[in-house]
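Work through these exercises with the model open. Each task is followed by a stepwise solution.

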Amino acid sequence: VTRPADFLLTGAGELLTLDPALGDGPLGVIREGALAAGGGQIVWVGRTGDVGKEVRLLPGGREVDAHGGVVMPGFVDSHTHSIFAGSREEEFAQRTAGITYQQIAAAGGGILTTVRATREATTDELVAVATRRLDLVLQHGTTTMEAKSGYGLTTADEIKILEAIRRLQEAHPIEIHPTFCGAHEVPPEYRENADGYIDLVVGEMIPAVAARRLAEHCDVFCDQGGGFSVEQSRRVLQAGLEHGMRPRLHADEFAASGGAELAAEVGALSADHLLRVRRDGIRALKAAGVTATLLPGTAFFLGLPYAPARAFLEAGVRVALATDFNPGSCYTPNMQLILTLACTQMRMTVEEAIESATVGGAHALGLQTQVGALTPDRWCDLLVLDLPNYYHLPYLYGVNHVQTVVKAGEVVWPREVST
Ligand SMILES: [Zn+2]
């Protein structure tokens with residue numbers, strides 16, 4: 001009996017299923033691979049030579065020939081600040097002249113530069129600039145991403161950003177998962193009163209966001225020397241939990257401030273950055289099953305040390321790789337570059353890096369049964385890469401290898417021009 005399908009992919013020189021039970025090695029590679037989907041979900045994976053006896057493409061169905069290229073799951077980018085107005089190229093130029101990111105922030109620049117521009121923008125303007133940015137994200141192979149608020153820092157402006165994200169969820173092919181990150185930075189109005197700002201986040205913003213069902217997750221920037229204390233962060237994450245938002249946090253980026261331990265305590269989906277994590281923090285993440293999301297693009301762009309990826313992997317902590325796409329500390333939409341940085345700067349193997357950028361990202365968003373691997377019943381989100389084998393993906397770096405992007409069984413890149 002053949003399976004009916006409305007999408008069929010054939011001719012994959014290597015099909016990376018990300019399920020070791022389905023193919024060779026940790027990535028479950030099927031040579032001469034093929035895949036079929038129906039209603040956006042995968043119904044079969046196997047070899048191109050077996051398609052005729054396994055799959056029946058329905059009339060009007062779509063067939064994609066990978067012509068011997070590599071086929072893999074779409075990237076799951078689980079940490080982005082991609083919805084904002086303005087840009088910070090002047091501050092980038094200042095940094096090239098020797099001024100540090102923290103000096104720029106202390107002078108009222110940094111995140112607050114983007115806060116000013118984002119407060120001035122309308123929802124329509126935010127949607128328009130973010131659409132162009134998300135097109136770049138899609139072209140580079142990300143099919144599922146997280147998007148944080150956090151450049152508004154007033155109730156109305158945080159809601160405006162999340163409403164822009166909701167419109168992008170409806171209009172853009174990328175699957176977007178919104179995070180409320182009102183505790184991203186202390187706004188200028190509360191410069192001497194961070195606790196007063198936390199009162200606003202907990203007492204007004206979180207209930208207002210929850211009432212509109214605008215966020216799945218609640219995030220806080222927990223750090224010393226910028227960011228919020230463990231006590232302040234705990235209040236925010238607990239208030240989010242009480243309103244149905246799953247916790248995640250920026251932790252231990254600039255100092256070992258106890259963020260990883262807090263992530264474990266509140267049962268966060270993910271603790272992110274972790275450049276300065278302590279041994280106890282690593283143990284706590286492992287015990288609580290929290291994913292460690294590593295953002296090597298930020299360390300690269302700011303000239304900071306890299307997170308200890310090997311320590312997490314050797315402790316058995318699940319690792320995700322993400323871009324941290326934002327206008328100040330990591331302005332790239334490109335997960336392929338993140339793989340190269342993970343391999344060369346954090347000593348991850350090619351296989352570990354690819355798994356962390358797909359399955360790992362899915363875990364960091366609680367989506368591990370839906371995306372991140374090419375196995376039956378998951379969404380048919382895949383990339384055709386113009387490469388002879390998957391080692392080339394991080395190896396030939398700084399260029400875009402993505403030829404075709406499929407989201408839920410539809411070719412979404414390149415755009416099909418209707419005539
Ligand atoms: Zn971030």
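The expected span of a helix is 1.5 Å times one less than its number of residues. Helices are DSSP runs (H or I, at least four residues), strands are E runs of at least two, and both are numbered from the N terminus. The model is predicted: local features need pLDDT of at least 70, side-chain atom pairs need 80 or more, and totals for chains, interfaces and linings use all residues. Numbering starts from 1 along each chain as written, and side-chain values use heavy atoms, without hydrogens or water.

**Exercise 1.** Compare the expected span of helix α6 with the distance between its end C-alpha atoms.

Step 1. Helix α6 covers residues 155–171, which is 17 residues.
Step 2. At 1.5 Å a residue, α6 should span 24 Å.
Step 3. The end C-alpha atoms of α6 are 24 Å apart, so the two agree.

**Exercise 2.** Find which residues of α6 are buried (under 20% relative accessible area, 1.4 Å probe, protein chains only).

Step 1. The buried residues are T155, D157, E158, I159, K160, I161, L162, A164, I165 and L168.
Step 2. Their cover includes helices α4 (111–120), α5 (123–139) and α7 (194–211), along with strands β7 (142–148) and β8 (175–183). Contact here means heavy atoms within 4.5 Å.

**Exercise 3.** Describe the lining of the largest cavity.

Step 1. A cavity is a set of points on a 1 Å grid, over the protein atoms alone, where a 1.4 Å probe fits but cannot get out; lining residues have an atom within 4 Å of a point.
Step 2. The lining consists of R88, E91, F92, R95, Y101, I104, P327 and G328.
Step 3. Helices α2 (89–96) and α3 (101–106) each give two or more residues to this lining. The largest share, three residues, comes from α2.

Key: 1 Å grid on protein atoms, 1.4 Å probe; cavity = no way out; pocket = protein on both sides within 12 Å on 5 of 7 lines; lining within 4 Å. Buried < 20%, exposed > 50% of the residue type's maximum accessible area, 1.4 Å probe, protein only.
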